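Could you walk me through this model in the viewer, stop by stop? I would like to know what to select next and what to look for there.

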Amino acid sequence: MQPSRILRALGNNPKPDITGFDMRKFLAATGTPRYDPWERNEAWRYTGRFSRFNRFRNSLPGFGIATVAFAGYCLYEHFFLKDDHHHGHGHEKHHDEGNH
């Protein structure tokens, strides 16, 4: 085994970076920015017609009208379009003859 691997295994240290740059220290120092220079340019995405509510409401355009129209048609069919062909006295006769 190479001596460098033995030393790293004994010390429990991660592999040293040859540049001396430590990403953990860098991320700890940055934190969250106090000022976002792009905040004003990104504000339009979350206001007005692009708000979360409006995006949800406009995701299925015409769904409300289609639901009302379908319910109206179902009511019309149920109450006004009576289909007497399949119901009644002549229904048993068709099964006896073998013709459908």
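Here is a short tour, from the whole chain down to single side chains.

**The whole chain**

Start with everything shown as a cartoon, and keep in mind that this is a predicted model. The protein chain has six helices and zero strands, so its pattern along the sequence is α-α-α-α-α-α, given that helices and strands are taken from DSSP runs. Now switch on the surface: the protein chain exposes about 10500 Å², and carbon and sulfur atoms supply 61% of that area. Of its 100 residues, 2% count as buried.

**Colour by confidence**

Next, colour by pLDDT. The mean for the protein chain is 77, and 70% of the residues reach 70 or more. Where are the two extremes of confidence, the lowest and the highest? Select helix α6 (residues 91–97) for the lowest, with a mean of 55, and then α5 for the highest, at 95. Where pLDDT is low, the predicted coordinates should not be read in detail.

**Helix α5 and its nonpolar patch**

Stay with helix α5, which covers residues 63–80. Select Tyr73, Leu75, Tyr76, Phe79, Phe80 and Leu81 and show their surface: together they make a nonpolar patch of about 690 Å². Click on Phe80, which lies in this helix. Is Phe80 buried or exposed? Phe80 counts as exposed because its relative accessibility is 61%, and the cut-off for exposed is over 50%.

**Helix α2**

Move back along the chain to helix α2 (residues 23–30). This helix is hardly covered: among its eight residues, the count of buried ones is zero. Gly31 follows α2, and its phi is positive, near 60°.

**Aromatic pairs**

Now show the aromatic side chains as sticks. How many aromatic pairs are there? The count comes to three, and two of them are visited here. Begin with Phe21 and Phe26, a tilted pair with 5.7 Å centre to centre and 50° between the planes. Both rings are partly exposed: Phe21 has a relative accessible area of 44%, and Phe26 has 42%.

Then select Trp44 and Phe50. Why is this pair edge-to-face? The ring centres are 5.4 Å apart and the planes stand at 80°, and planes over 60 degrees apart count as edge-to-face. Trp44 is partly exposed, with a relative accessible area of 44%, and Phe50 is also partly exposed, at 34% relative accessibility.

**The salt bridge**

Select Glu42 and Arg45 next. The structure holds one salt bridge, and here it is: Glu42 pairs with Arg45, with the closest N and O atoms 2.6 Å apart. Neither partner is hidden from the probe, as Glu42 is partly exposed with a relative accessible area of 33% and Arg45 is partly exposed with 38%.

**A buried asparagine**

For the last stop, find helix α4 (residues 52–57) and pick Asn54 within it. Is Asn54 buried or exposed? Asn54 is buried because its relative accessible area is 16%, and buried means under 20%. Show its neighbours to see what it touches: leaving aside residues up to four places away in sequence, Asn54 is in contact with Gly48 and Arg49.

Terms used:
Residues numbered from 1 in each chain as written. Heavy atoms only, no water. Patch = residues over 30% accessible without salt bridge, like charges linked within 9 Å, V, L, I, M, F, W, Y side chains within 5 Å. Areas by Shrake-Rupley, 256 points an atom, 1.4 Å probe, with all protein chains shown as cover. Salt bridge = Lys/Arg side-chain N within 4 Å of Asp/Glu carboxyl O. Helix = DSSP H or I, 4+ residues; strand = E, 2+ residues; numbered from the N terminus. Buried < 20%, exposed > 50% of the residue type's maximum accessible area, 1.4 Å probe, protein only. pLDDT = per-residue confidence, 0-100. Phe/Tyr/Trp six-rings, centres within 6.5 Å; stacked < 30°, edge-to-face > 60°. Contact = heavy atoms within 4.5 Å.
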